[in-house]
Each structure stands twice: as structure tokens, then as C-alpha cells.
Amino acid sequence: MGEQTPRYHRIADDLRRLIDTGELEPGQQLPTEHALMEQYSASRNTIRLALRRLTEEGLVVAGQGRGSFVRRKRPAEVWDWSVLESRSRHNAAQGGGDQWSTVVEQAGRKPRQEVTVSIRRPPADVAEQLGLDVETALAVVRERVRYVDQEPYALADSYFPEELVRGTALMLPEDVSAPGGVLASSGLVQTHYRDEITVRMPTRTESERLDLPAGTPVAVHRRTGYDKEGRALRVMISILPGDRHIIRYDVSAD
């Protein structure tokens with residue numbers, strides 16, 4: 001590289017090479033700042049800028065008061081959203097149990113969900129998708145933190161028009177399931193979905209709930225379920241960290 005390249009860029013490039021080649025392995029601690037200062041004949045500020053660059057790229061994580069470490073790679077969960085939540089698969093999945101949990105178990109891993117239920121006004125964009133009055137309508141909100149092998153892997157918040165699901169199992173603050181889906185068991189059958197996917201950096205709350213290292217983007221998967229008359233029954237918003245998820249779709253070319 002030319003001499004115009006900032007010094008900390010060149011140091012970051014050299015450390016990145018060591019990570020890429022495996023000379024610095026996942027989980028391994030990097031040399032201390034002082035050792036790096038001596039190795040590269042650089043100031044503390046230059047070394048810190050180089051480490052920050054690698055942190056922002058998601059290659060390095062900082063251990064509180066313990067230096068910097070090569071980021072460990074989490075096994076990726078593959079989600080085939082073209083069939084996930086289909087009624088045929090739901091009925092076939094372990095007595096109609098939760099499909100997310102079933103997919104995780106089939107991969108030989110252990111799923112767990114923490115569920116919180118509340119009744120409140122939904123965000124304006126969700127209210128509009130549900131065809132609700134933005135100012136006055138209420139929604140039943142089921143907030144879930146989804147764990148795989150005891151590690152937080154995703155957030156999944158579902159919004160339902162309160163008047164539709166009042167008195168159903170969806171009001172229970174626990175992990176609930178039913179053959180064909182809880183909505184369908186209540187007479188509210190989703191016949192088609194509309195999916196939207198965006199990618200962004202996480203909010204501070206999302207980072208804390210998911211224990212995300214710096215530099216980790218998230219995919220926001222928003223699925224709106226409709227009945228045969230085109231009425232929206234549910235909006236589910238999943239926050240999927242980019243370092244541990246693969247989103248897959250099969251699409252007909254007809």
C-alpha cells in the first residue's frame with residue numbers, strides 16, 4: 001500500500017491477515033496494546049484505532065478489562081421461510097409443536113424461548129399493516145427471546161389485533177402451540193404471508209438482549225399473515241443477527 005494509507009489501516013490489515021490465515025484463532029487473545037505498540041513501533045492511539053477498525057468489521061471483540069480477542073464464529077441456523085409456518089409442516093411437527101423449536105431440535109441443538117405478553121398500542125407502522133386505528137386500537141404483543149444451546153439467537157415479536165385474539169391461548173405468558181397453529185385453532189386461518197426483509201445495525205436494546213459483539217448487523221424479517229378475505233391477522237417481526245442466521249427461500253420460476 002502507498003504511504004498515504006493511514007498507519008492504523010496497515011496495522012489492521014496485518015492483524016486481519018493473521019486472523020484470515022488462522023494464525024490468530026477464534027477465541028484467541030490478541031497481543032496486549034503495549035506489545036502491539038512495540039511490535040509495530042506505533043503509538044497507543046494508533047493501535048487503538050487499528051483494533052477499533054477490526055472490531056467494527058466484526059473480527060475482534062473486546063473483553064471487559066481483558067484485552068481483545070478474535071471473535072468466535074457461532075453455528076448458523078438455516079431458516080427456510082418459504083415453508084416455515086406452513087400448516088402442513090406444522091401438523092407434522094412433533095404433534096403440532098412450535099415449528100421454530102422443531103427446526104432447532106432437528107439440527108441436533110437445544111431450543112428455548114422466553115415469552116412476555118402485553119396489551120398495548122402497537123407502533124404506527126404495525127397498526128397500519130394490521131388495519132388498526134393508529135391512535136386508539138390495541139394489540140396483543142407476544143415478545144420472545146429465542147435461545148439455541150442457551151445462547152440468545154433471535155428476537156421474535158408478534159402483534160395481533162386485541163379484539164380478534166381476546167380470550168385465546170395467545171394471551172398466555174408462556175410458550176404455546178397447537179396443531180396447525182394457535183391462530184388457526186382459534187378459527188383465524190392465515191392463508192398467505194407477505195415478507196419484508198431489511199438489514200441494519202441493531203439498537204442498543206437489541207444488542208443487549210442478544211449479547212451482540214460490536215459490528216454485528218441484523219436482518220429484520222417482517223411477516224404479515226392474511227386470511228382468505230385479505231384481512232391482516234398478525235405481524236411478526238424477527239431480529240436475526242447476521243453472524244448466526246441464513247435466510248432461505250425457494251421461489252418458483254413460473
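Author: The largest cavity in this structure has a volume of about 60 Å³. The model is a predicted one, and the search of the whole structure finds one cavity of 30 Å³ or more.

Reader: Which residues line the largest cavity?

Author: A cavity is best read through its lining. Here the lining consists of Trp79, Trp81, Leu84, Trp100, Arg146, Ala154, Leu155, Ala156, Ser238 and Leu240.

Reader: How do the residues of this lining divide into nonpolar, polar and charged?

Author: Eight of the residues in the lining are nonpolar, one is polar and one is charged. Arg146 is the charged residue, because Arg belongs to the charged class.

Reader: Which strands each supply at least two residues of the lining?

Author: Strand E6 and strand E9 (232–241) each do so. The largest share, three residues, comes from E6.

Reader: What should one look for in the loop that precedes E6, between strand E5 (139–148) and strand E6 (151–161)?

Author: The backbone angles deserve attention there. As a general rule, most residues other than glycine have a negative phi. Asp149, in the loop between E5 and E6, has a positive phi of about 50° although it is not a glycine. Gln150 lies in that loop as well, and its phi, also positive, is near 70°.

Reader: Are Asp149 and Gln150 buried or exposed?

Author: The answer falls between those two words. Asp149 has a relative accessible area of 35% and is therefore partly exposed, since that class runs between the 20% and 50% cut-offs. Gln150, with a relative accessible area of 45%, is likewise partly exposed.

Reader: How is the burial of Glu162 to be read, and where is this residue found?

Author: Relative accessibility is compared with a cut-off, and buried means under 20%. Glu162 has a relative accessibility of 13%, so Glu162 counts as buried. This residue is found in helix H7 (residues 162–165). Not counting residues up to four places away in sequence, Glu162 touches Ile119, Leu138, Ala139 and Val140.

Reader: What does the same reading give for Ser68, and with which residues is Ser68 in contact?

Author: Ser68, in strand E2 (residues 67–70), is buried because its relative accessible area is 15%. Leaving aside neighbours within four places in sequence, its contacts are with Gln28, Gln29, Leu30, Leu51, Val60, Val61 and Ala62.

Reader: What separation is found between the C-alpha atoms of Ser68 and Glu105?

Author: Separation along the chain and separation in space are read as two quantities. Ser68 and Glu105 are 37 residues apart along the chain, and their C-alpha atoms are separated by 34 Å.

Key. Residues are numbered from 1 along each chain as its sequence is written. This is a predicted model: local features need pLDDT of at least 70, side-chain atom pairs count only at pLDDT 80 or more; totals for chains, interfaces and linings use all residues. Side-chain values use heavy atoms; hydrogens and water are left out. Helices (H or I, at least four residues) and strands (E, at least two) are DSSP runs, numbered from the N terminus. Buried means under 20% relative accessible area, exposed over 50%, partly exposed in between (1.4 Å probe, protein chains only). Contact means heavy atoms within 4.5 Å. On a 1 Å grid over the protein atoms alone, a cavity is a set of points where a 1.4 Å probe fits but cannot get out, and a pocket is an open set with protein on both sides within 12 Å along at least five of seven lines; lining residues have an atom within 4 Å of a point. Grid points are joined across faces, edges and corners, and a volume is the space filled by probe spheres set on the points.
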